[in-house]
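Subject: Structure for you to look at

Hello,

Here is the structure I promised to hand over. Please open it first, then read my notes below.

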Amino acid sequence: MSLPYNKKLIPIAKELRKSMTKQELFLWSYFLKDYPIRFQRQKVIDNFIVDFYCHKAFLVIEIDGSQHYSENGLAYDDHRTDILSKYNLKVIRFTNTEVDKSFKEVCACIDFNVRNRLLIGSR
């Protein structure tokens, strides 16, 4: 099953792949790129561009900078998560600081969520 996406966002997603944040690039380069189950970066889903997406596990990973912790940022992220969850997607979030200071734990959490979603049947 394909997820709906806004085709107009594809050029923006391509640009975001070229200008990933330091933390997104680190997570991609040192974990997700070679993870045994495929992840995509800057994936368009509905009217959003998610940082990372694993189709087999229906899992979205977001790496959040400080702008996500304002009142508006939190409300927008909640709204976005609500919409994505309607597609049976699970959204997990990590802060930039977590990626910087607790990288092994971030990777372990991602791995746990992928395995758990595959085990219980995410669809």
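**Asp77 and its salt bridges**

Asp77 is buried, because its relative accessibility is 6%. Keep in mind that this is a predicted model. Asp77 sits in helix α3, which covers residues 71-85. Now find Asp64. Asp77 and Asp64 are 13 residues apart in sequence. In space, their C-alpha atoms are 9.9 Å apart.

Which residues share a salt-bridge network with Asp77? They are Asp64 and Arg93. The side chains of Arg93 and Asp64 meet at 2.9 Å, N to O. This pair links distant parts of the chain. Arg93 is in strand β4, Asp64 is in strand β3, and 29 residues separate them. Their surroundings can be compared by accessibility. Arg93 has a relative accessible area of 27%, so Arg93 counts as partly exposed. Asp64 is at 2%, so Asp64 counts as buried.

**Other charged residues**

The structure holds five salt bridges. One of them joins Glu62 and Arg80, at 2.8 Å from N to O. Glu62 belongs to strand β3 and Arg80 to helix α3, so this salt bridge ties together parts that are 18 residues apart in sequence. Both partners are buried. Glu62 has a relative accessible area of 3%, and Arg80 has 8%.

Another pair is Lys18 and Glu15, with their closest N and O atoms 3.6 Å apart. Both lie in helix α1. They are about one helical turn apart, because three residues separate them. Lys18 is exposed, at 67% relative accessibility. Glu15 is partly exposed, at 47%.

Then look at Glu24, in helix α2. Glu24 is buried but has no salt bridge. How far away is the nearest side chain of opposite charge? That side chain is Arg80, and the distance is 8.5 Å. Glu24 does have contacts further along the chain. Leaving out residues up to four places away in sequence, Glu24 touches Gln42, Asp51, Phe52 and Ile63.

**The sheet**

Next, the strands. Four of them form an open sheet, in the order β1-β2-β3-β4, with mixed pairing. Which strands are at the edges? They are β1 and β4, and each pairs on one side only. On average, neighbouring strands of this sheet are turned by 45° against each other, with direction ignored.

Start at β1, residues 40-45, and β2, residues 48-54. These two run antiparallel and are joined by five bridges. Arg41 has Phe52 of β2 as its bridge partner. Two residues lie between the strands of this hairpin. There, Asp46 takes a positive phi near 60°.

Strand β2 also runs antiparallel to β3, with three bridges joining them. Here Phe52 stands opposite Ile61 in β3.

Two helices lie across the sheet strands. Helix α1, residues 10-18, lies across β1 and β2 and runs at about 160° to β1. Helix α5 lies across β3 and β4, at about 175° to β4.

**Ile49**

Ile49 lies in strand β2. Is Ile49 buried or exposed? Ile49 is buried, because its relative accessible area is 14%. Ile49 and Ala13 are 36 residues apart along the chain, yet their C-alpha atoms are separated by 6.5 Å. Ile49 has many contacts, not counting residues up to four places away in sequence. Among them are Leu9, Ile12, Ala13, Leu16, Glu62 and Arg80.

**The nonpolar cores**

In soluble globular proteins, nonpolar side chains tend to be buried together. The largest nonpolar core here has 22 residues. Which of them touch the most other members? They are Leu27, Leu32, Phe39, Phe52, Ile61 and Ile110. At least two residues of this core come from each of α2, β2, β3, β4 and α5. Helix α5 gives the most, with five residues.

Take Ile110 as an example. Ile110 touches Leu27, Phe31, Leu32, Phe39, Leu59, Ile61, Ile92 and Phe94, leaving out residues up to four places away in sequence. Another core, of eleven residues, lies apart from the largest one. Val50, Val60, Leu89 and Val91 are among its members.

Best wishes

How values were computed
Residues are numbered from 1 along each chain as its sequence is written. This is a predicted model: local features need pLDDT of at least 70, side-chain atom pairs count only at pLDDT 80 or more; totals for chains, interfaces and linings use all residues. Side-chain values use heavy atoms; hydrogens and water are left out. Two strands pair if DSSP finds at least two bridges between them. Helices (H or I, at least four residues) and strands (E, at least two) are DSSP runs, numbered from the N terminus. Buried means under 20% relative accessible area, exposed over 50%, partly exposed in between (1.4 Å probe, protein chains only). A nonpolar core is a set of buried Ala, Val, Leu, Ile, Met, Phe, Trp, Tyr and Cys residues joined through side-chain atoms within 4.5 Å. Contact means heavy atoms within 4.5 Å. Lys and Arg count as positive and Asp and Glu as negative; His and the chain ends are not counted. A salt bridge is a side-chain nitrogen of Lys or Arg within 4 Å of a carboxyl oxygen of Asp or Glu. Axes are lines fitted to C-alpha atoms, for helices over the stretch in contact, and angles run from 0 to 180 degrees between N-to-C directions.
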